[in-house]
Amino acid sequence: MNDAVVWLTIFILSVFVGIEVISKVSSTLHTPLMSGANAIHGVILLGAILVTGSTDNNVALVVGLIAIVLAAVNMVGGFVVTDRMLQMFVRKKPAKQAAGESSEGSAA
């Protein structure tokens, strides 16, 4: 069997498995899973840097640089979104009563 057909079959099956797994995740697990995905993107970024740094081929260099940029944007954006999602669960400090402070200051 041709290697390209084998790799294409593996890719297509992994896409279907990925879609099924992601669609079954509840919303309460989304933030922890997203943090894990951000860590994986960090490993991908490191791998792209290592592979791009060791190549002599100009085409591979260009593709590697594109991979580095996309992995960095994806990783940073993922951390920003995760941070914003976690901020939704932080309790806000109660605001001081401005009316109570101003009445005490005017009475003195």
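Helices here are DSSP runs of H or I with at least four residues, numbered from the N terminus. With that convention in hand, the overall picture of this predicted model is quickly drawn. The secondary structure of the chain comprises four helices and zero strands, so labelled by the DSSP runs, and the order of elements from the N terminus is α-α-α-α. Of the 108 residues in the chain, 10% are buried.

Confidence deserves an early look. The mean pLDDT over the chain is 80, and 83% of the residues reach at least 70. Among the elements, helix α1 (residues 3-23) has the highest mean, 88, whereas helix α4 (residues 98-107) has the lowest, 54.

Helix α1 also takes part in a notable surface feature. Its residue F16 belongs to a nonpolar surface patch of about 590 Å², made together with L8, F11, I12, V15 and I19. F16 counts as exposed because its relative accessibility is 54%, and the cut-off for that class is over 50%.

Attention then turns to helix α3, which spans residues 58-87. This helix has 30 residues, and the distance from its first C-alpha to its last is 44 Å, close to the 44 Å expected at 1.5 Å a residue. At the N-terminal end of α3, N57 acts as a cap: one of its side-chain oxygens lies 3.2 Å from the backbone nitrogen of V59. The buried residues of this helix are G64, A71, M75, G78 and T82.

G77 is likewise found in helix α3. With a relative accessible area of 31%, G77 is partly exposed, because that class lies between the limits of under 20% for buried and over 50% for exposed. G77 also offers a link to another part of the chain: its C-alpha atom is separated by 9.0 Å from that of N38, although the two residues are 39 apart along the chain.

Technical notes
Residues numbered from 1 in each chain as written. Heavy atoms only, no water. pLDDT = per-residue confidence, 0-100. Helix = DSSP H or I, 4+ residues; strand = E, 2+ residues; numbered from the N terminus. Patch = residues over 30% accessible without salt bridge, like charges linked within 9 Å, V, L, I, M, F, W, Y side chains within 5 Å. Areas by Shrake-Rupley, 256 points an atom, 1.4 Å probe, with all protein chains shown as cover. Salt bridge = Lys/Arg side-chain N within 4 Å of Asp/Glu carboxyl O. Buried < 20%, exposed > 50% of the residue type's maximum accessible area, 1.4 Å probe, protein only. Expected span 1.5 Å × (residues − 1). Polar contact = N/O pair within 3.5 Å; in protein donor to acceptor, adjacent residues only side chain to side chain.
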